[in-house]
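Student: I'd like a close look at a single part of this protein, with its neighbours and contacts explained step by step. Could you take me through one helix and then show how the rest of the chain relates to that part?

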Amino acid sequence: MRRLNNLLTVLFVVIALLLLNGTSRHYIGAHLPPAVRSNLNARWQNFQAELTTAVTRFTDITPATESGTTSTSASIGSSQSTSDSSAATPEESIIQNVSLANTYYYHYAAGTPNSVHKVFAAAIATYNRTGIVKLVPGSGQDGDNQISISTYSKNEGNPDYNAIELGIGGPTIITSALYARGAVNHANAKLNVYYPQAIRESVALHELGHALGLDHSPSRSSVMYPEDQGHTSLAPADITALRKIYQQ
Ligand SMILES: [Zn+2]
């Protein structure tokens, strides 16, 4: 009899533990201290913010030279760097020490959607308002600076924490003794229309910035910050860098 009682007690304890365990598994949130809960909430919000950031990051570009000797590739690098608003906007290395005219002929590839025309038209007007560069419609001659504007569609799949590509753009420096300045820039600027968030004035400003010779900036106020900040105007540091490239 005593053994049976012991057995029943053991069974009772086991069942009670199972029930409690089940209960705590389903209602664990209700038992968390407020401090732990708010900490979890904060981490969840950070996580969501990181996700949002991940899908608005630019991925660019591979500037190149033809018949030149230098070639570099701009990568995103560490994008969580400083947001120092006074940081200078750097130049693409391949356009340094190259003397470029400030006039560019730009044209759109056949089939470029109206929405893309619209965001580039706004971005082009912004660069023209600086008075430093002059972007005019047309194809130009071989010896003229040119910008080819187009789109492509690239699914990044599951981007996880990596960047998705909103656009690419960059200078291509062609050197020739036939050209008055010895070099011209046949650049391109493209938007990845697979992602609707790529068709934005801020992305067009960024890719055109690469086309004109600007590199990524660590400053969030710059249109050349590697993640889309939605800027529709150039930062003073962007204008300073342009002036340096085109020597005005
Ligand atoms: Zn970029």
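Tutor: Happy to; what follows is a walk around helix H5 and then outward to the parts around it.

Please keep in mind that this is a predicted model. To set the scene, the protein has five helices and seven strands, and along the sequence they come in the pattern α-α-β-β-α-β-β-β-β-β-α-α. There are 248 residues in the protein, and 38% of them count as buried.

Now to H5 itself, which spans residues 236-246. Its buried residues are Ala 237, Asp 238, Ala 241, Leu 242, Ile 245 and Tyr 246. If you look down the axis of H5, these buried residues fall within an arc of 160 degrees, so they line one face of the helix. What lies over that face? The cover on the buried residues of H5 includes strand S2 (103-108) and helix H3 (114-129).

Turn the helix around and you find the exposed residues Pro 236 and Lys 244 on the face directed away from the buried side. Pro 236 belongs to H5 and has a relative accessibility of 65%, so it counts as exposed, the cut-off being over 50%. Between Pro 236 and Ser 221 there are 9.1 Å from C-alpha to C-alpha, while in sequence the two are 15 residues apart. After H5 comes Gln 247, with a positive phi near 50 degrees.

Lys 244 deserves a longer stop. Its relative accessible area is 60%, so it is exposed. Even so, its side chain has a partner: Lys 244 forms a salt bridge with Glu 91, at 3.1 Å from N to O. Because Lys 244 sits in H5 and Glu 91 in the loop between strand S1 (64-66) and S2, this pair ties together parts that are 153 residues apart in sequence. Glu 91, for its part, is buried, with a relative accessible area of 12%. So this salt bridge has an exposed lysine at one end and a buried glutamate at the other.

How many salt bridges are there in the model? The count is three. One of the others leads back towards our helix along the chain: Arg 200 and Asp 228 meet through their side chains at 2.8 Å, N to O. Arg 200 is in the loop between strand S7 (183-192) and helix H4 (201-211), and Asp 228 is in the loop between H4 and H5, so the pair ties together parts 28 residues apart in sequence. Arg 200 is partly exposed at 37% relative accessibility, whereas Asp 228 is buried at 10%.

Another salt bridge joins Glu 165 to Lys 154, at 3.0 Å from N to O. Both residues are in the loop between strand S4 (145-152) and strand S5 (167-170), and they are 11 residues apart. Glu 165 is buried, with 10% relative accessibility, and Lys 154 is partly exposed, with 37%. Glu 165 has a further partner as well, since its side chain makes a polar contact of 2.7 Å with that of Tyr 152.

H4 makes a useful contrast to set beside H5. Here 10 of the 11 residues are buried, so the helix is mostly covered. Among those buried residues are Val 203, Leu 205, His 206, Glu 207 and His 210. The cover on H4 includes S2, H3, S4, S5 and S7. S2 and H3 are thus in the cover of H4, and they are also in the cover of H5. Following H4 is Gly 213, whose phi is positive, near 115 degrees.

Finally, consider S2 and H3 themselves. S2 pairs with strand S3 (residues 134-137) in the parallel sense, over four bridges. Tyr 105, for example, has Val 136 in S3 as its bridge partner. From S2 the chain passes through H3 to reach S3, a β-α-β crossover that is right-handed.

To step back once more, consider contacts in the protein between residues at least 6 apart in sequence: 74% of them join residues at least 24 apart. The salt bridge from Lys 244 in H5 to Glu 91 is a good one to look up in the viewer, as it ties together parts 153 residues apart.

Notes: Residues are numbered from 1 along each chain as its sequence is written. This is a predicted model: local features need pLDDT of at least 70, side-chain atom pairs count only at pLDDT 80 or more; totals for chains, interfaces and linings use all residues. Side-chain values use heavy atoms; hydrogens and water are left out. Buried means under 20% relative accessible area, exposed over 50%, partly exposed in between (1.4 Å probe, protein chains only). Helices (H or I, at least four residues) and strands (E, at least two) are DSSP runs, numbered from the N terminus. The arc is that of the directions from the helix axis to the C-beta atoms. Contact means heavy atoms within 4.5 Å. A salt bridge is a side-chain nitrogen of Lys or Arg within 4 Å of a carboxyl oxygen of Asp or Glu. Two strands pair if DSSP finds at least two bridges between them. A crossover is right-handed if, with the strands pointing away from the viewer, the path from the first strand over the helix to the second runs clockwise. A polar contact is a pair of N or O atoms within 3.5 Å; within protein, one must be able to donate a hydrogen and the other to accept it, and residues adjacent in sequence count only if both atoms are side-chain atoms.
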